Amino acid sequence: MKISNYLSIMKDVECWNAVNEQDVEVLMLSESHCKQPACIFIDNPKFISTIPENVCMVLTTEELKNDIVRDGRGVIVTAHPRLMFFALHNYLSKTEEYARKKFDSVIDESAIISPLADVSKYNVRIEKNTVVE
């Protein structure tokens, strides 16, 4: 999906500019790990060197734009990347295109789960020999 398609129809979104825009499948925090092409926000230069490999789009400021584009990633330039990221997340979470498909949780028989733990009935996978306290 193209982030700009959603930003252009969202209400109350401040000025922004897309540079080298790329398709993404998920939004994630910069500390997260996944394999899908992702979009994150960066509002502090100390995090540029820690951008995960799967990140192809970054919501960022004008000051940080060139360092991120130099790595071949696309950017959405905005004065407040963190606010735009969460506004975008909240908007997308209500759309059918972005919401993950629901599946019954799968728990391996060898997993040990505390009776005090709360495991959702949907969209959870617990692998072999996992301990949930």
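This is a short dialogue on reading a predicted model, from its overall form down to single residues.

Me: Which elements make up the protein, and in what order do they run from the N terminus?

Reply: The protein has three helices and nine strands, and from the N terminus on the elements run α-β-β-β-β-α-β-α-β-β-β-β. The radius of gyration is 18 Å, well over the 14 Å that the globule rule gives for 133 residues, so the protein is more spread out than a compact globule. Along the principal axes, the C-alpha trace spans about 50 × 30 × 25 Å.

Me: How much of the protein counts as buried, and what supplies the area that it exposes?

Reply: Of the 133 residues, 35% count as buried, while the protein exposes about 8,900 Å², with carbon and sulfur atoms supplying 50% of that area.

Me: How should I read the buried residues of helix 2, and which are they?

Reply: The general idea is that an α-helix has 3.6 residues a turn, so residues three or four places apart point the same way. In helix 2 the buried residues are Leu64, Lys65 and Ile68. Seen down the helix axis, these buried residues fall within an arc of 125 degrees, so they line one face of helix 2. Their cover includes strand 1 (17-19), strand 4 and strand 5 (74-77).

Me: Where does threonine 61 lie, and is threonine 61 buried or exposed?

Reply: Threonine 61 lies in the loop between strand 4 (55-60) and helix 2 (62-69). Because buried means under 20% relative accessible area, threonine 61 counts as buried at 12% relative accessibility. Leaving aside neighbours within four places in sequence, threonine 61 is in contact with Ile42, Val77, Thr78, Ala79 and Pro81.

Me: What is there to notice about phi in aspartate 12 and asparagine 129?

Reply: As a general guide, most residues other than glycine have a negative phi. Aspartate 12, although not a glycine, has a positive phi of about 60 degrees, and phi of asparagine 129 is likewise positive, near 55 degrees. Aspartate 12 lies in the loop between helix 1 (3-7) and strand 1, whereas asparagine 129 lies in the loop between strand 8 (125-126) and strand 9 (131-132). Aspartate 12 is exposed, with a relative accessible area of 82%, and asparagine 129 is exposed as well, with a relative accessible area of 62%.

Me: How far apart are the mean positions of the positive and negative charges?

Reply: The mean positions of the 15 positive and 20 negative charges of the protein are 2 Å apart.

Definitions and conventions: Residues are numbered from 1 along each chain as its sequence is written. This is a predicted model: local features need pLDDT of at least 70, side-chain atom pairs count only at pLDDT 80 or more; totals for chains, interfaces and linings use all residues. Side-chain values use heavy atoms; hydrogens and water are left out. Helices (H or I, at least four residues) and strands (E, at least two) are DSSP runs, numbered from the N terminus. Buried means under 20% relative accessible area, exposed over 50%, partly exposed in between (1.4 Å probe, protein chains only). Contact means heavy atoms within 4.5 Å. The arc is that of the directions from the helix axis to the C-beta atoms. The radius of gyration is taken over C-alpha atoms; the globule rule is 2.2 Å times the number of residues to the power 0.38. Accessible areas come from the Shrake-Rupley method with a 1.4 Å probe; for residues, only the protein chains shown count as cover. Lys and Arg count as positive and Asp and Glu as negative; His and the chain ends are not counted. The place of a charge is taken as NZ of Lys, CZ of Arg, CG of Asp or CD of Glu.
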